[in-house]
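Student: I have a model open and would like to understand the labels attached to it. Could we go through them together?
Tutor: Happily; let's take them one at a time.

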Amino acid sequence: MKNNLCTVFLAGDVCASVGVRAVTNLLPKLIERESIDFCVINGENATGGIGLSSGDAEAILAAGADVITGGNHSFEKRDHWPVLDVNPAVLRPANFPSRGLTAEESLPGHGMGIYEKNGHTFAVFNVQGREDMTALDCPFVYMRTALETLSLKDSGAMILVDFHAESTQEKEAFALMLDGKVSVVAGTHTHVQTADERVLPGGTAYITDLGMTGPWRSVIGSAPEISIKRNITQVLYRMEAAEGAGALRGLLVYIDPETRKAISVRRVEVIEETV
Ligand SMILES: [Fe+2]
Ligand SMILES: [Fe+2]
């Protein structure tokens, strides 16, 4: 890639201890090999498959992530709430209810942040979809309003959006609405990497899902044997994280910092050789 382009890497949901280990083992080498300027990783499943502890957040940041995004599991464990307020590098979906809440009902953390690195400014948004998910505030209206209100166009920031959503149509509609207005829309949540990575006509890089960072032999991160039994019996046996070699999955995006438009993308899957 040309030297004057900015290289951003986004990775999908880090799943349990194998996922955190895969990030620790694989991310530093990838950052070096690909000369990555900025790295966003979704960590909503990092701690035992549900949520993100401060210890796991530290491990992912130490491996080279600049920002950790969240999702529907961000608020599931009360123990994980403090990291959302303490560490500005840890985000959670922006469109959880906020208006009209009492102080006691208000949720911790932030759904966007602005970060400076390697002479560039990055604005990162974490937004969650609604189809087949919890009925949060409208992600489309949230994002449209945020872009108008924050005058981000004038800030010179490259805008990177993690859209944590189940529905492929919702993800494509969201990305097309934002085409030309942000540098990247990367889907997370389904844990299955899609092969539709592309630069949209207006210059926004897009992939429906970055894929899961975690155990390679698994059912979206869980032990296959239990998942198979659950499907056959229709009994909800307790899920366990799978073991074995981990995969790091995501997308490299090459952005022209002058125009903030994506020039090209490359999908990434790297697998641990030995465990
Ligand atoms: Fe999720
Ligand atoms: Fe997830």
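**Reasoning from values to labels**

Tutor: Asn 45 has a relative accessibility of 3% and therefore counts as buried, since the cut-off for buried is under 20%. Keep in mind that this is a predicted model.

Student: What makes His 191 buried or exposed?
Tutor: The relative accessible area of His 191 is 10%. Buried means under 20%, so His 191 is buried.

Student: Which residues coordinate the iron ion (ligand 2)?
Tutor: The donors come from Asp 13 (OD), Glu 44 (OE), Asn 45 (OD1) and His 191 (NE2), at 2.0 to 2.2 Å. Glu 44 also bridges to the iron ion (ligand 1), and the two ions lie 3.4 Å apart. Asn 45 and His 191 join distant parts of the chain, 146 residues apart: Asn 45 sits in the loop between strand S2 and helix H2, and His 191 in the loop between strand S7 and strand S8.

Student: Why is the arrangement around the iron ion (ligand 2) called irregular?
Tutor: Four donors count as tetrahedral if all angles lie between 85 and 135 degrees. Here the four donor atoms subtend angles of 84 to 167°, so the arrangement is irregular.

Student: Which residues of helix H7 are buried?
Tutor: In H7, which covers residues 224-233, Pro 224, Ile 226 and Ser 227 are buried.

Student: How do you know that the buried residues line one face of H7?
Tutor: Looking down the axis of H7, the buried residues fall within an arc of 165°, so they line one face of the helix. Just after H7, Gln 234 has a positive phi of about 60°.

Notes:
Residues are numbered from 1 along each chain as its sequence is written. Chains are lettered from A and ligands numbered from 1 in the order in which they are written. This is a predicted model: local features need pLDDT of at least 70, side-chain atom pairs count only at pLDDT 80 or more; totals for chains, interfaces and linings use all residues. Side-chain values use heavy atoms; hydrogens and water are left out. Donors are N, O and S atoms within 2.8 Å of the metal (3.2 Å for Na, K and Ca); water is not among the atoms, so sites may look incomplete. Four donors count as tetrahedral if all angles lie between 85 and 135 degrees; four count as square planar and six as octahedral if opposite donors are over 155 degrees apart and all others between 65 and 115; anything else is irregular. Helices (H or I, at least four residues) and strands (E, at least two) are DSSP runs, numbered from the N terminus. Buried means under 20% relative accessible area, exposed over 50%, partly exposed in between (1.4 Å probe, protein chains only). The arc is that of the directions from the helix axis to the C-beta atoms.
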